[in-house]
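Q: Could you take a close look at one helix pair in this protein and walk me through how the two helices pack?

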Amino acid sequence: MRTSKDASEARGVEAGTARRSAARVPVDRKRQRSGDEARGRAMRAAVSVIAEKGTAALRMSDIAERAGMSTGHILYHFGKKDRLLLEVLAWSQEDLWARFQQAADQAASPAEKLDLFVRSYLPRHPGDERYALWTQVLAQRHDEAGRAVLTSLLDGWDERLEAIVREGWEVGQFADVELPEFTIRAVAMLSGLSEDVMFGRTRWQHTSAHAFALSALERELRPIAQA
């Protein structure tokens, strides 16, 4: 005769077998792509809403409405609001860097890559959503883990610029500058220009911040023989 204990053990065995079977099921690539697309849609909606409403008034339901998804789906992608800003910023940066790298791989020279870098760094217009997200996140208090994420993202810009300058020096296009110091100056200048563009200062209504920054960097990187 089968006791309740026997039945319970049998159900446990069946559940374990089911879990092992599920682990061996091949990944459905079509479903995975669908999930990636949904996450991307949620992230883009979050970038837009954060730039528009700021963080204090932000609600998960606002993101859900903008993304055309349920609040439950948004919670699935972000977990909770506390994680939202860092996750969205990290996604936004990876998306930007992927497109930058794709363009850089097709660039004919380090000079073209430097142009792309400056264009990627600077806001496209006052109120640029990506740059607004940066300012929102940097204004928040962060624990050690959050600061580590932000430091990694900021370092990513430095590393990309240094790689471009190093390549340019190796092929004789750029001067042999003190790379760490040059990078600090360059990024500080780009950050200052970015604040001007975001604020909408009138000085950039008739002059390109991109052209100004690129010209300043090119002057410093010009080999002595060409100066």
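A: Happy to, and a definition helps here: a crossing is left-handed if the near helix is turned anticlockwise from the far one by less than a right angle, and right-handed if clockwise. Please keep in mind that this is a predicted model, where local features need pLDDT of at least 70, side-chain atom pairs count only at pLDDT 80 or more, and totals for chains, interfaces and linings use all residues. Residues are numbered from 1 along each chain as its sequence is written, and side-chain values use heavy atoms, leaving out hydrogens and water.

The protein chain has ten helices and zero strands, where helices (H or I, at least four residues) and strands (E, at least two) are DSSP runs numbered from the N terminus. Our pair is helix H6 (residues 110-121) and helix H8 (residues 144-170), whose axes lie 9 Å apart at an angle of about 160°. Those axes are lines fitted to C-alpha atoms over the stretch in contact, with angles running from 0 to 180 degrees between N-to-C directions. H6 and H8 are therefore roughly antiparallel, a label for angles over 145 degrees. Their crossing is left-handed.

Now for the residues that meet. H6 contributes Pro 110, Lys 113, Leu 114, Phe 117, Ser 120 and Tyr 121. On the H8 side, the partners are Trp 157, Arg 160, Leu 161, Ile 164, Glu 167 and Gly 168. Contact means heavy atoms within 4.5 Å. Across the protein chain, 67% of the contacts with a separation of 6 or more are between residues 24 or more positions apart.

Key: Angles under 35 degrees count as roughly parallel, over 145 as roughly antiparallel, 65 to 115 as roughly perpendicular and the rest as oblique.
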